[in-house]
Amino acid sequence: MAIDTRDGCPSTTAGLGAAEALFHSLSDSTRLAIVRRLAGGEARVADLVTQLGLAQSTVSKHVACLRDCGLVDGRSEGRQVFYSLTRTELMDLLASAEVVLAATGHAVALCPNYGTARQDVGGAR
């Protein structure tokens, strides 16, 4: 298994392409908010715009990303599209992440490469 160091954090690269893509697709706060909302049932982009307080173009872009990753699917009804999660296991994954965060005391937020302090100080990642 090859070891690759990016931004000072070692990562294994063999066989992690799909896992890396999955976690990258969930690494955006807007996409996480969409996933959490869709866990409660299907919604149209217009519903997500209202509930999340974001621009329609922003929501559409993020829904398209989640759809392209196979995490969200759309059901057409007339001229409307209702989006829903494709796999309920996604919520199990997010619940497990919350357990890990609680167990580590949210130490990941302090990570100098990916933590929230870096975003505040250095701007975009």
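**Exercises: a hairpin and a helix pair**

Glu77 stands opposite Gln80 in strand S4. The model is predicted. Work through three tasks on it.

**Exercise 1. Describe the pairing of S3 and S4, and find the residue with positive phi in their hairpin.**

Solution.
- Step 1: Locate the strands. S3 covers residues 72-77 and S4 covers residues 80-85.
- Step 2: Give the sense. The two strands pair antiparallel, over six bridges.
- Step 3: Look at the turn. Two residues lie between the strands. Gly78 takes a positive phi near 65° in this hairpin.

**Exercise 2. Classify the packing of helices H2 and H5 by their angle.**

Solution.
- Step 1: Locate the helices. H2 spans residues 29-38, and H5 spans residues 89-103.
- Step 2: Read the geometry. The angle is about 120°, and the axes are 10 Å apart.
- Step 3: Apply the cut-offs. Roughly perpendicular covers 65 to 115 degrees, and roughly antiparallel means over 145. The angle of about 120° therefore makes H2 oblique to H5.
- Step 4: Add the hand. H2 and H5 cross in a left-handed way.
- Step 5: List the contacts. From H2 come Leu32, Val35 and Arg36; they meet Leu90, Met91, Leu94 and Glu98 of H5.
- Step 6: Sort these residues. Five are nonpolar, none is polar and two are charged.

**Exercise 3. Compare the reach of H5 with the expected value, then look just past its end.**

Solution.
- Step 1: Count residues. H5 has 15.
- Step 2: Compare. From first C-alpha to last, H5 reaches 21 Å, close to the 21 Å expected at 1.5 Å a residue.
- Step 3: Move on. Just after H5, Gly105 has a positive phi of about 65°.

How values were computed
Residues numbered from 1 in each chain as written. Predicted model: local features only at pLDDT ≥ 70, side-chain atom pairs only at ≥ 80, totals over all residues. Heavy atoms only, no water. Axes fitted to C-alpha atoms, helices over the stretch in contact; angles between N-to-C directions. Helix = DSSP H or I, 4+ residues; strand = E, 2+ residues; numbered from the N terminus. Parallel < 35°, antiparallel > 145°, perpendicular 65-115°, else oblique. Left-handed = near helix turned anticlockwise from the far one by under 90°. Contact = heavy atoms within 4.5 Å. Nonpolar A, V, L, I, M, F, W, Y, C, P; charged D, E, K, R; others polar. Expected span 1.5 Å × (residues − 1). Pairing = 2+ DSSP bridges.
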